[in-house]
Amino acid sequence: MYNQFFGFKERPFKLVPNPAYLYLSRIHEEVLAHLNYAVGYGEGFVEITGEVGTGKTTLCRMFLENLDETTDAAYIFNPKLDARQLLKAINDEFGISSDADSTKALIDRLNAFLLEQKTRGRQVLLLIDEAQNLSVDVLEQLRLLSNLETTTSKLLQIILVGQPELGALLDADDLRQLSQRINLSCHLIPLTPAETREYIHHRVHIASYRPGGVFSAGACRVIHRYSKGVPRLINIACDRALLTAFTQGRSQIDRRIVKQALSELDGSRRLRRRVTDRRQSLVIGLLVFLVVLVAAGLIHRLVMPENERISASVESHAIESDNTAIQPGGLSEPVVAGSAAGREAVSANQAPPSEAVGDAGDQGWPTVGGPGRLLSAIPAMASRDGALRAVLDTWQLTGTTAAIDAVSGDQFFRIAAGRYGLDLLRIKGNLELLKKLNLPAILEFPDPGGRPSRYLALVKLSADRAYLSNGEDRYAVMTASLAGEWNGVALIFWKNFFHDAGVIPITASGDAIVSLKMQLRKLGFSIDKMTAAYDMQTRQAVEALQTRHGLDADGLVGPLTKIAIYNEDRTLDIPRLTMVSEKRQRIQ
């Protein structure tokens, strides 16, 4: 319909669970890692839950399609079966005869198959989707299947995937034996605003013949508010927005088009609800009419010929129907506490500007003798929020921390980073290390009296000055005076642009190694073979890059090396701590 107009090979937001379009958010990567672990090392049940539309089925199909040749898998996606029917379905999936009528015969055949696969060195996996629909009897049968084992290992790995009701079902007292065998459990959550934007761009990129953005940043924000980060609702909103833009001849989709599309979508839903309400009213009216007829017939039969009057009363009961549908959305636009509208005026009892000992050379950055002025101007908890706000501003991210204010320590910053699609790296070092990483950071200042630490955001760094902000005020301090009060702990917010999880090559996937090679080649390194092997040529390129950035040249690609790679890629939108090229030194 609109594919040719936008240059798509196919519709990018179809509702079918196509693994080719799978976008791996941070939590999706963790779930996929659990699934991969279950294949090689799992000895119990794996439980994966998530709300409707969060991508469970798509993730499962992608996982099954990428299993190696040494693994046999059965995928059950219609679990509304009794115990014997489930056994027949499992045997059918494995290609085992399922014509037996007894449960024992079916299990014996399955056990023989599992033992044969074990002797051949093969793994056998059973994945059941929509497992919240399983009955207690069927779950008990699955527990018995997990007893199929040798003296050293289990013969069958079972993965249960379903909606959150699955967790409540497994917590039942009569399933406690099964619950105790669940070794891994994880829950899929909706996408963050940043992940929603990346999800939309990812699907458009996969479907496009030509690169280029179709959805603006504002359009993505409106879609996230509507969908609350649920991929299925994102697909519905984006598909309708593309159709609306096509009818208007617009190749770019902004927030106005999205709002119009969502209004049309909600309008059609309201129309369907009105039709449903009308039908329900007709049915209710017909039922009431029939009740009256039946009551009248009964009364007539009860009337005696002798004209004895028998009083009868008919009670009518109003039937109430709640047809209110819950609409996606309802999230208000986040308020930026550090914006001009949200900032409070500087109080009159603050130290006068005459205390500044110099000028930073940048307008709005007066130089003071040390960070004490910024630290004393704001309470500890407020300094934490303000420092986070200042760092997020450098990434052009806005939002509020109200939902996680009760969390303490580094966990507060880690949750906040994940919410905005960032990763957090905690380091203990000095300003030279921060200069090499070249990213804005949050500095920790412990309280001498043992009270909670205070925090300041380091947003710029020059040869002799550090530019600090507490979210309200900002000053430049001499680096020598900063070193005397700062304990060396810094929290680095960074973005894993290519979602390369793990440490390459120790815990990373083959896809991560291929992605690394593509990045190294883009930076000018000679990479001949684009395979999943971490060969000597790749290791030498990594070590050369590490040396160039003053990192330990160990050939391992962890957070520090990934940050260095991303910093060299000038096509990425990354806030820089310093744009001045400093002489790099080796990290001791």
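In this predicted model, helix α9 passes helix α11 in a right-handed crossing. Helix α9 covers residues 193-207 and helix α11 covers residues 231-247, and their axes come within 11 Å and cross at roughly 60°. The two helices α9 and α11 are therefore oblique to each other. To find the place where they touch, look in α9 for Thr 196, Tyr 199, Ile 200 and Arg 203, which meet Pro 231, Ile 234, Asn 235 and Cys 238 of α11. A general point about helices helps in reading such lists: an α-helix has 3.6 residues a turn, so residues three or four places apart point the same way.

A second pair of helices can be read in a similar way. Helix α18 (residues 510-522) packs against helix α19 (residues 536-548) at an angle of about 55°, and their axes are 11 Å apart. Again the conclusion is that α18 and α19 are therefore oblique to each other. Here α18 passes α19 in a left-handed crossing. On the α18 side the contact is made by Leu 516, Lys 517 and Leu 520, and on the α19 side by Thr 538, Ala 541, Val 542 and Leu 545.

The two pairs can be set side by side:

| Helix pair | Angle | Axes |
|---|---|---|
| α9 and α11 | roughly 60° | within 11 Å |
| α18 and α19 | about 55° | 11 Å apart |

Now for the strands. Five of them form an open sheet in the order β2-β3-β4-β1-β5, and the pairing is parallel. Which strands lie at the edges of this sheet? They are β2 and β5 (182-188), each of which pairs on one side only. From one strand to its neighbour in this sheet the turn is 15° on average, with direction ignored.

You can walk through the sheet one pair at a time. Strand β2 (residues 71-76) runs parallel to β3, and six bridges connect them. One place to look is Ala 73, whose bridge partner in β3 is Leu 125. Strand β3 also pairs in the parallel sense with strand β4 (residues 157-162), this time over four bridges. Leu 125 appears here too, with Gln 157 as its bridge partner in β4. Between these two strands the chain travels from β3 through helix α6 (residues 136-145) to β4, a β-α-β crossover that is right-handed.

How enclosed is β3 by the rest of the structure? Five of the six residues of β3 (residues 123-128) are buried, so this strand is largely enclosed.

Further along the sheet, strand β1 (residues 45-50) is joined to β5 by six bridges, and the two run parallel. In this pair Val 46 stands opposite Leu 184 of β5. Helices pack on the sheet as well. Helix α2 (residues 26-40) touches β1, β2, β3, β4 and β5, and its direction makes about 155° with that of β5. Helix α6, already met in the crossover, also packs on the sheet, where it touches β1, β3 and β4. The direction of α6 makes about 155° with that of β4.

Another enclosed element is helix α10 (residues 217-227). Nine of its eleven residues are buried, so α10 is largely enclosed by the rest of the structure. Among the buried residues of α10 are Cys 220, Val 222, Ile 223, His 224, Arg 225 and Tyr 226.

Just after α10 comes Lys 228, in the loop between α10 and α11. This residue is not a glycine, yet Lys 228 has a positive phi of about 55°. Is Lys 228 buried or partly exposed? With a relative accessible area of 42%, Lys 228 is partly exposed.

Glu 130 is another residue to visit. It sits in the loop between β3 and α6, on the route of the crossover from β3 to β4. Glu 130 is not a glycine either, and its phi is positive at about 55°. With a relative accessible area of 23%, Glu 130 is partly exposed.

One last stop concerns the backbone. Where is there a cis peptide bond? It joins Ile 504 and Pro 505, with omega about 5°. Pro 505 belongs to the loop between β13 (489-494) and α18, and α18 is the helix that packs against α19.

Conventions: Residues are numbered from 1 along each chain as its sequence is written. This is a predicted model: local features need pLDDT of at least 70, side-chain atom pairs count only at pLDDT 80 or more; totals for chains, interfaces and linings use all residues. Side-chain values use heavy atoms; hydrogens and water are left out. Buried means under 20% relative accessible area, exposed over 50%, partly exposed in between (1.4 Å probe, protein chains only). Two strands pair if DSSP finds at least two bridges between them. A crossover is right-handed if, with the strands pointing away from the viewer, the path from the first strand over the helix to the second runs clockwise. Axes are lines fitted to C-alpha atoms, for helices over the stretch in contact, and angles run from 0 to 180 degrees between N-to-C directions. Angles under 35 degrees count as roughly parallel, over 145 as roughly antiparallel, 65 to 115 as roughly perpendicular and the rest as oblique. A crossing is left-handed if the near helix is turned anticlockwise from the far one by less than a right angle, and right-handed if clockwise. Contact means heavy atoms within 4.5 Å.
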